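Open the model in a viewer and have the residue selection tool ready. The stops below say what to select and what is found there.

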Amino acid sequence: MAKPPFSLEGYKPSDAEQGRPYDEGETNKAWENFLTFGDLRRENAPVRGLIEESWQRSVKSGVDARGKGSNLLASPDDLYELRLKNDDLLGSSAETFRRIAEVLGDAATMVVITDRNGVVLEVGGDRRTIDAGHDIRLEAGAAWGEAVTGTNGIGTALVTGKPVHVHAAEHFSEGIKAWTCVGSPIRSPIDGSIIGIVDFSGPQAIFHRHNVALAVVAAHHIELALSEKVRIERMRLLEASISRMPGMNSADGVVILDRFGRVIHHNDMASVRWHRIAQSHDLSIGQRLLPSDEGFLARDLAKGLPEELREQRIEPLVVDGVVKGAMLVLVAKPRASLARSQMSPAARAALVSAKEAIVGCSDALVQTIEKIERAALGRTAILLEGETGVGKELFARLVHAASQNTGKEPFIAFNCGAVSKELLGGELFGHAPGAYTGATREGRPGRFEFANGGVLSLDEIGEMPMDLQPYLLRVLEERAVYRLGDSKARPVDVRLVASTNRNLKQEVAEGRFRKDLYFRIGVVKFTIPPLRERLGDIDILIDHFNRQFAETYSTQPLHFEATTMELLRRYSWPGNVRELRNLVENLVLMTITGIVAPRDLPEDFAEAASAEPSSVSVQAAHSATGSEGDEIARFDEVERRAIERAVANAGGNIAAAAEKLGLSRATLYRKLHQYRSRT
């Protein structure tokens, strides 16, 4: 049963709240003695031990005892980023803020939420007290850690990890001795770490030790809201992981990680297998296995794992188009484990790298990767079929990585359509000295000889002229190459991976490709799934390329509006992954606001997308850039003024302003950032 709001059930004053009755004159005298002599000068000085310890830390940190509050204020952009990073905390505290306002009424008290470092994220409460708080920089963006502002409810609660009240003269800095503050830590429901402080501040007259109880209960209610949010996110991650289960063995161990890289669930088989492969790491709930930048997992999940886990399977879990976690699979009986055990560390690292280069976790993609890995253990040729832009060369490299033992086996890639018919034979098979017009006097080896001991990837195999196809067939059957103009057989041990975007079976039927060669190179054949059939991978690829190009061009990653993402999901992507990659690079370079709306998509893309069945219409969005542009500009100006007025009337309280405007807090933050970037 849910607890009533602000119930004091279970609350017990801590030792820090006990002590002698407060005497302002005596406390000030003790403070002066402390500054002069470095101690309180008498054993029965009326200063709590908690306060004296804090004063000592303040001196060691170099805090100015004559200071007038915080002297460290975050820039608007930095504050915006801090709020985004602490969106869970702010969202979970919004309802508590509202209830506190009802309980306090017109009391001369302001309420503050800070991050884990004591930087103020949100303020609320009595308007006059909030205005007075500006005089000491008790406002959004100000740092109130103990090392910055000395003894105070926020900073001292962070250091001690306990609820703290600091009354008037007990503050270390002279300029804030007219204030009373009460701070209580807010702890993560996952690992119990402090993620913020809820603080009540105001003039001396509001002082009452039971205000500590109010702060404790407020923090507790925020923690309850955070726990519910974590529960819902955990449930959605488990739902996302269920869709990945069909291709798994019932004996596989499964570990679910949240967006902070922490363990939130694991099955019994994971516990069994864990002790065999990762004895130096804990599998308990809340244990961090992946690095995370404030809730954003790195692109290369496997590289972030502890070294002994990097050969295990790990997949991103996508919720609402965003990577919100990962599923680590501890495979019970890895396929071809004997062959894998013979691989050198360099070969294993190359295999991990080759798999990471193929971004996505859809069933169609995962099954293709697994089948190609198994096929790579043999020696027969492999044929990769697929549309332009699906990334066939990445799969050819996967064959190479999965088939090598030392990590030094060569990989030679060659496009049969990139050279003229006259030169193609010499490029592939090599030539004897002066074998044909244009041949070198010394002669030279061809691609087959360069690939000896490794893999030769022939792209656009369907472009090979009919008169050269018998030569290729002979090399494959005899495992020896004859340079053009030379009768000497040169043995080669080459694994052929042929790729094509043509239908070779139809090419054979129409007489443009030899039937015997088709059957020789197509013993093992795979069709690389087009992007439109890779359910869920569009979101992952957009996130991947968005971060990649943001890093390349030293910008912040773009934010894609929900309507834009829906449009991108419904688009048929005739150019597949290559087209998606090029689109994201274009947007990173050309988008000014950092927010991608449908009208920001290239015109030719939008026209094609608008014709797709069930797609979101973007014609209206693009017409806005024409004759309706002025009207939209006027609307933007009206909206901007309304937002600024609402925020000002709310005294900088974003939650209150968002509620007044009928917007979510995240939307209001985004719009503030959008309009600020235009000025």
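Select T368 first. In this predicted model, T368 is buried, with a relative accessible area of 9%. That value puts T368 in the buried class because the class takes in anything under 20%. The residue belongs to helix α13, which covers residues 363–376. Show polar atoms around the side chain: one of its polar atoms lies 2.8 Å from the backbone oxygen of A364. Then show the contacts of T368, leaving out residues up to four places away in sequence: they are F395, T527, I528 and P529.

Two of these contacts lead to the next stops. T527 falls in strand β16, residues 524–527, and F395 falls in helix α14, residues 392–403.

**The parallel sheet**

Select β16 and the strands that go with it. The sheet is open and has five strands, in the order β11-β12-β15-β10-β16, with parallel pairing. Its edges are β11 (411–415) and β16; each has a single partner strand, so one side of each has no neighbour in the sheet. On average, neighbouring strands are turned by 15° against each other, direction ignored.

Now go through the pairs, starting from the β16 edge. Strand β10 (residues 382–385) runs parallel to β16 and is joined to it by four bridges. Pick E385 to see one of them: its bridge partner in β16 is T527, a residue already met as a contact of T368.

Move to β12 (455–459) and β15 (495–500). These two strands pair in the parallel sense over four bridges, and L458 stands opposite A498 in β15. On to β11, which pairs with β12 over five bridges, also in the parallel sense; here I412 stands opposite L456 in β12. How much of β12 is buried? Four of its five residues are, so colouring by accessibility will show a mostly covered strand.

**Helices around the sheet**

Select α14. This helix lies across β10, β11, β12 and β15, and runs at about 165° to β15.

Next select α15, residues 421–429. Its buried residues are L424, G425, G426, E427, L428 and F429. What do they pack against? Two of the sheet strands, β11 and β12, are among their partners, along with α16 (447–450), α17 (469–478) and β13 (480–482). Just past the helix comes G430, with a positive phi near 85°.

**Strand β5**

Select V198, which sits in strand β5, residues 194–203. Is V198 buried or exposed? Its relative accessibility is 0%, so V198 counts as buried. Draw a C-alpha to C-alpha line from V198 to I113: the two are 85 residues apart in sequence but 4.8 Å apart in space. I113 is one of the contacts of V198 outside four places in sequence; the others are V111, V112, V182, G183, S184, I186, A215, A218, A219 and I222.

**A helix pair**

Finish with α1 (residues 24–37) and α2 (residues 49–60). Two packed helices are described by the angle between their axes and the distance between the axes. Here the axes come within 12 Å and cross at roughly 35°, and the crossing is right-handed. Show side chains for T27, A30, W31 and F34 in α1, which meet W55, Q56 and V59 in α2. By class, this contact has five nonpolar, two polar and no charged residues.

How values were computed: Residues are numbered from 1 along each chain as its sequence is written. This is a predicted model: local features need pLDDT of at least 70, side-chain atom pairs count only at pLDDT 80 or more; totals for chains, interfaces and linings use all residues. Side-chain values use heavy atoms; hydrogens and water are left out. Axes are lines fitted to C-alpha atoms, for helices over the stretch in contact, and angles run from 0 to 180 degrees between N-to-C directions. A crossing is left-handed if the near helix is turned anticlockwise from the far one by less than a right angle, and right-handed if clockwise. Contact means heavy atoms within 4.5 Å. Ala, Val, Leu, Ile, Met, Phe, Trp, Tyr, Cys and Pro count as nonpolar, Asp, Glu, Lys and Arg as charged, and the others, Gly among them, as polar. Buried means under 20% relative accessible area, exposed over 50%, partly exposed in between (1.4 Å probe, protein chains only). A polar contact is a pair of N or O atoms within 3.5 Å; within protein, one must be able to donate a hydrogen and the other to accept it, and residues adjacent in sequence count only if both atoms are side-chain atoms. Two strands pair if DSSP finds at least two bridges between them.
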